[in-house]
Amino acid sequence: RIHFERVITTISTKFINLPSSDIDKGIEQTLQQIGEFTGVDRSYVFFLSKEEQTITNTHEWCRAGIQPEKGNLQNLPFTAIPWLMEKILRLENIHIPNVNHLPVEAYVEKQHFQAQNIQSLLVIPLIDHDGLRGFLGLDAVRHLKYWSEDDIALLKIVGEIIINALTRKITEEAVAQNASELAILYRASKNLF
C-alpha cells in the first residue's frame, strides 16, 4: 500500500506540471504505471458521449504479448454492454474477480470479455464537476485477479487524477479556441471600419 501511495503521489505531481498538450501522453504513461504496478495486462480509459449514448476507448496500455483492443472499441452504443453501463451510470465500481462467474443478466458482457480473453476486471467511474465522464478499467488476461478494497480506493484516486487532467485539457482547449475565434472577429471588425 505504501508503495502504491508513492506511485499515486508521483502520478499526481507529474500531472500538476504537465502542459495540456502532453496530457494524453501522461495518461498513457499513467496507465502503464498502474498496469505494471497492479500486475494487470491491460489498463484503459473510456469516455462517454451521453448525447449519443456511446462509449469510446480513448487511452490504452497493454502488457507485451497482450492484444490491444482500443481500435475495436470506438463509439460503442451503451446497449452493447447494458449490464455494465447500468452499473457505471449508477456510479458503481465494478469488480469482477472471475468473468466466468458473471450473473445471467451479464451474458452480453461475458461474451465480450471472453472474446478478449479477459479473466478478471475492475471498472471505476470517472466523475468530474459535470458528473460521469467515463471510466478507468483494468483487465487481467493471463490469470485471475482480485483487487482489495484498499486497491480499489487507491485506483479511484488515480481515476480522479486522470479525469481532472482531462477536464483541464478540455477546458484549456476550449479557452484557446474561443480566444482564437475572438481574435479573428476582432481583426474582421477592424477591417470593416
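How many nonpolar, polar and charged residues does the lining of the largest pocket have? The tour of this predicted model starts at that pocket and then moves to the strands and to two single residues.

**Stop 1: the largest pocket**

Select Phe-46, Leu-73, Ile-81, Phe-113 and Gln-116, which lie nearest the centre of the largest pocket. The pocket has a volume of about 240 Å³, and its lining comprises 20 residues. By class, 13 of the lining residues are nonpolar, 3 are polar and 4 are charged. To see where the lining comes from, colour strand S1 (42-49), strand S2 (54-62), helix H4 (107-115), strand S5 (120-128) and strand S6 (131-140); these are the elements that give two or more residues to it.

**Stop 2: strand S6 and its partners**

Keep strand S6 (131-140) selected. Is this strand mostly covered or mostly open? S6 is mostly covered, with 9 of its 10 residues buried.

Next, add S5. The two strands S5 and S6 run antiparallel and are joined by 9 bridges. They form a hairpin, with 2 residues between them. Within this pairing, display Pro-125, which stands opposite Phe-135 in S6.

Then add S1, which is also antiparallel to S6 and is joined to it by 6 bridges. Here, select Ser-43 and find its bridge partner in S6, Leu-138.

**Stop 3: Thr-38**

Leu-138 leads to the next selection, as it is in contact with Thr-38. Thr-38 lies in helix H2, which covers residues 23-38. Why does Thr-38 count as buried? Its relative accessibility is 10%, and the residue is therefore classed as buried, the limit being under 20%.

Show the side chain of Thr-38 together with the backbone of Ile-34: the side chain reaches the backbone oxygen of Ile-34 at 2.7 Å. Now display the contacts of Thr-38 beyond its neighbours within four places in sequence. Besides Leu-138, they are Phe-4, Lys-145, Trp-147 and Leu-155.

**Stop 4: Pro-77**

Finally, select Pro-77, which lies in strand S3 (residues 76-77). Pro-77 is partly exposed, because its relative accessible area is 39% and the partly exposed class lies between 20% and 50%.

Which residues does Pro-77 contact once its neighbours within four places in sequence are left aside? They are Gln-53 and Thr-54. To place Pro-77 relative to Glu-52, draw a C-alpha to C-alpha distance between the two: they are 7.9 Å apart in space and 25 residues apart in sequence.

Conventions
Residues are numbered from 1 along each chain as its sequence is written. This is a predicted model: local features need pLDDT of at least 70, side-chain atom pairs count only at pLDDT 80 or more; totals for chains, interfaces and linings use all residues. Side-chain values use heavy atoms; hydrogens and water are left out. Helices (H or I, at least four residues) and strands (E, at least two) are DSSP runs, numbered from the N terminus. Buried means under 20% relative accessible area, exposed over 50%, partly exposed in between (1.4 Å probe, protein chains only). A polar contact is a pair of N or O atoms within 3.5 Å; within protein, one must be able to donate a hydrogen and the other to accept it, and residues adjacent in sequence count only if both atoms are side-chain atoms. Contact means heavy atoms within 4.5 Å. On a 1 Å grid over the protein atoms alone, a cavity is a set of points where a 1.4 Å probe fits but cannot get out, and a pocket is an open set with protein on both sides within 12 Å along at least five of seven lines; lining residues have an atom within 4 Å of a point. Grid points are joined across faces, edges and corners, and a volume is the space filled by probe spheres set on the points. Ala, Val, Leu, Ile, Met, Phe, Trp, Tyr, Cys and Pro count as nonpolar, Asp, Glu, Lys and Arg as charged, and the others, Gly among them, as polar. Two strands pair if DSSP finds at least two bridges between them.
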